[in-house]
Amino acid sequence: MPSDALTKADALTKGGALTKAAVQRPDPPRRHPDEPRVVPRRHLGQWTAAVLVVAALALALNSVVRNDAFQWSVVGDYFTTAAVLRGLWLTLWLTAAVMVLGFALGTLLALGRLSTNPVLRAVSWGYVWFFRSMPILVQLLFWFNIGALYPTLLGVRTVDLLGPVTIAVIGLTLHEAAYAAEVVRGGILSVDRGQTEAAQSLGLGRWRRFRRIVLPQAMRSIVPPAGNMLIGTLKGTSIVSVIAVQDLLYSVQLVYHRTYQVIPLLLVATLWYVVVTSVLSVGQYYVERHYARGSELAR
């Protein structure tokens, strides 16, 4: 018996399992003496650019940290004050409400645009066209002055019925729904038509086909732009300060109008926006991984 066969036979255990000693790794191929040696290309330009970028970032960070005009001590004093935290809570609540209501309405609009009914298609298209064409600030100011057109609604004075927060929710939701409709519609169209036809051949109803077959696959295309919309909505809620909604930005404005410490208070708002958007970005990453299971995107 050859010597290598004996080595393998000795490595067998009583149960017939092969130990690690019997698993031999193949020897690496030897290079021929006349074969030219392969030397990896040196990317000198890329490394030089990277060093310059890192140096520039370090200088910028040093100038921000050591500049007394930023008044970092004031930033620390106001970062977790009750007024700022109340404004932050309203910003988060407003963002969540607008996203939920906006995507609920946007889903209905997307289904209307994909409907075979020409009336539903036309109305849904008209809604998306109109609200995407009007700036969000104009919409908020219009709703804020709606009492000039309709002094009473449902027998109640419009001023008493529509407060600043309600107006902000209405204006932002109508604006968000127009963009959410296109995101949802694009996600539904990304699903192969054969999937729907196969589900239909199995006798599944229209709603069940949409909920169990189409929507889970469409989420792969819906989640990335929806995450971007969520972050954009969070930052976009700062515009409601023009109608005296006490969100995060308006809360710090009230403080610096009293103390005249404009820069440090704006830094307080900026840092809170950075913290929240960073958390949302991490959450978006894991949601995308969840819906990308089984595809190359999940790797």
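Colleague: How many aromatic pairs does the structure hold?
Modeller: This is a predicted model: local features need pLDDT of at least 70, side-chain atom pairs count only at pLDDT 80 or more, and totals for chains, interfaces and linings use all residues. Numbering runs from 1 along each chain as its sequence is written, and side-chain values use heavy atoms, with hydrogens and water left out. Rings of Phe, Tyr and Trp (its six-membered ring) pair if their centres lie within 6.5 Å. The number of aromatic pairs is eight.

Colleague: Is the pair of Phe70 and Trp72 stacked or edge-to-face?
Modeller: Planes under 30 degrees apart count as stacked, over 60 as edge-to-face and the rest as tilted. Phe70 and Trp72 lie 5.8 Å apart, centre to centre, with 25 degrees between the planes. The pair is therefore stacked.

Colleague: In the pair of Tyr285 and Tyr286, which residue counts as exposed?
Modeller: These two rings are edge-to-face, 5.2 Å between centres and 75 degrees between planes. Exposed means over 50% relative accessible area, buried under 20%, partly exposed in between (1.4 Å probe, protein chains only). Tyr285, at 45%, is partly exposed. At 51%, the exposed one is Tyr286.

Colleague: At which residue does H10 bend?
Modeller: H10 (residues 206–236; a DSSP run of H or I, at least four residues, numbered from the N terminus) spans only 36 Å between its end C-alpha atoms, against 45 Å for a straight helix of 31 residues at 1.5 Å a residue. The bend is about 45 degrees, and Pro224 follows within four residues. The bend sits at Arg220.

Colleague: Which helix gives the largest share of the lining of the largest pocket?
Modeller: This pocket has a volume of about 800 Å³. Of its 16 lining residues, Leu114, Ile188, Thr196, Arg206 and Arg209 are the closest to its centre. H8 (164–189), H9 (193–201) and H10 each supply at least two lining residues. The largest share, five residues, belongs to H10.

Colleague: How many charged residues line the second largest pocket?
Modeller: Its volume is about 310 Å³, and Met99, Phe103, Met219, Ile222 and Ala226 lie nearest its centre among 16 lining residues. H10 gives the largest share, eight residues; H4 (82–113) and H12 (262–291) each supply at least two. Asp, Glu, Lys and Arg count as charged; Ala, Val, Leu, Ile, Met, Phe, Trp, Tyr, Cys and Pro as nonpolar; the others, Gly among them, as polar. The lining has twelve nonpolar residues, four polar, and, for charged, no residues.

Conventions:
Expected span 1.5 Å × (residues − 1). Bend = angle between axes of the 7 residues up to and from the residue. 1 Å grid on protein atoms, 1.4 Å probe; cavity = no way out; pocket = protein on both sides within 12 Å on 5 of 7 lines; lining within 4 Å. Points joined across faces, edges and corners; volume = space filled by probe spheres on them.
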